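Here is a short report for a reader meeting this structure for the first time. It covers burial, charge pairs, the sheet, the nonpolar core and two unusual peptide bonds.

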Amino acid sequence: MHNYKRAHRLPHTQHGFTLLEMLAVIVLIGIVGAIVVSQVGKNVDKGKYGAGKAQLTTLGQKIENYALDNGSPPPKLDDLVNKPSDAPNWMGPYAKPSELKDPWGHAFGYRAPGEHGSYDLIFYGQDGKPGGDGFSKDVGNWQ
């Protein structure tokens, strides 16, 4: 019986990975993860920028509705949410408070009267400031 065990015993082999192999895999996973995160981040910014431009159009329509009821655009965007004392025909609220912020949480630029019409509504993009390129490029309701 003793010889039977010795004859069927598997040769001693090492199982598992070395520390160097584990580090190589971890580094590769990190590189792939960084590439994926950067691509997803660009797509999120692109989506938010497109949503901001669409929101600009929708908010412009709400300003037009206010103007139809009251004879002129509101002096400030907050008048779409809260009734001002000088708007006797106010039929609002015309907008929700959350609709006065762009997808990045910045306030839209607004002037009434505007330089390009009865009002100017401006989406400042990702940076929330005038000027910029790419996803920080400004878009106005007159464009």
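A residue counts as buried under 20% relative accessible area, as exposed over 50%, and as partly exposed in between. Lys76 has a relative accessible area of 47%, so Lys76 is partly exposed. The model is predicted.

**Charge pairs**

Side chains of opposite charge can pair when their charged atoms come close. A search of the whole structure finds 4 salt bridges. The table lists three of them, including the pair that Lys76 forms.

| Acidic residue | Basic residue | Closest N to O |
|---|---|---|
| Glu99 | Lys62 | 2.8 Å |
| Asp79 | Lys76 | 3.1 Å |
| Asp120 | Arg111 | 3.3 Å |

Take Glu99 and Lys62, which form a salt bridge. This pair links distant parts of the chain, 37 residues apart. Lys62 sits in helix H2 (19-70). Glu99 sits in the loop between H2 and strand S1 (109-111). Lys62 has a relative accessible area of 17%, so Lys62 is buried. Glu99 is partly exposed, at 22%.

Asp79 pairs with Lys76. Asp79 has a relative accessibility of 4% and therefore counts as buried. Its partner Lys76 is partly exposed.

Asp120 and Arg111 meet in a salt bridge too. Asp120 is buried, at 0% relative accessibility. Arg111 has a relative accessible area of 33%, so Arg111 is partly exposed. A network of salt bridges links Arg111, Asp120 and Glu115.

**The sheet**

Arg111 and Asp120 also meet in the sheet: Asp120, in S2, is the bridge partner of Arg111. The sheet is open and has 3 strands, in the order S1-S2-S3. The pairing is antiparallel. S1 and S2 pair over 3 bridges.

Which strands stand at the edges? They are S1 and strand S3 (139-140). Each has a single partner strand, so one side of each is left without a neighbour in the sheet. Helix H2 lies across S1, S2 and S3. H2 runs at about 165° to S2.

**The nonpolar core**

In soluble globular proteins, nonpolar side chains tend to be buried together. Here the largest nonpolar core has 20 residues. Leu77, Leu80 and Leu121 have the most contacts inside this core. H2 and strand S2 (120-123) each supply at least two residues of the core. H2 gives the most, with 5 residues.

What does Leu80 touch, not counting residues up to four places away in sequence? Its contacts include Leu59, Ile63, Tyr66, Trp90, Tyr94 and Leu100. Leu80 also touches Lys62, the residue that forms a salt bridge with Glu99. Pro74, Ala95 and Pro93 are among the contacts of Leu80 as well.

**Two cis peptide bonds**

Pro93 leads to another feature. A cis peptide bond joins Gly92 and Pro93, with omega about 10°. Pro93 lies in the loop between H2 and S1. Glu99 is in the loop between H2 and S1 too.

The peptide bond from Ala112 to Pro113 is also cis, with omega near 0°. Where is Pro113 found? Pro113 is in the loop between S1 and S2. These strands pair in the antiparallel sense.

Terms used
Residues numbered from 1 in each chain as written. Predicted model: local features only at pLDDT ≥ 70, side-chain atom pairs only at ≥ 80, totals over all residues. Heavy atoms only, no water. Salt bridge = Lys/Arg side-chain N within 4 Å of Asp/Glu carboxyl O. Helix = DSSP H or I, 4+ residues; strand = E, 2+ residues; numbered from the N terminus. Buried < 20%, exposed > 50% of the residue type's maximum accessible area, 1.4 Å probe, protein only. Core = buried A, V, L, I, M, F, W, Y, C linked by side-chain atoms within 4.5 Å. Contact = heavy atoms within 4.5 Å. Pairing = 2+ DSSP bridges. Axes fitted to C-alpha atoms, helices over the stretch in contact; angles between N-to-C directions.
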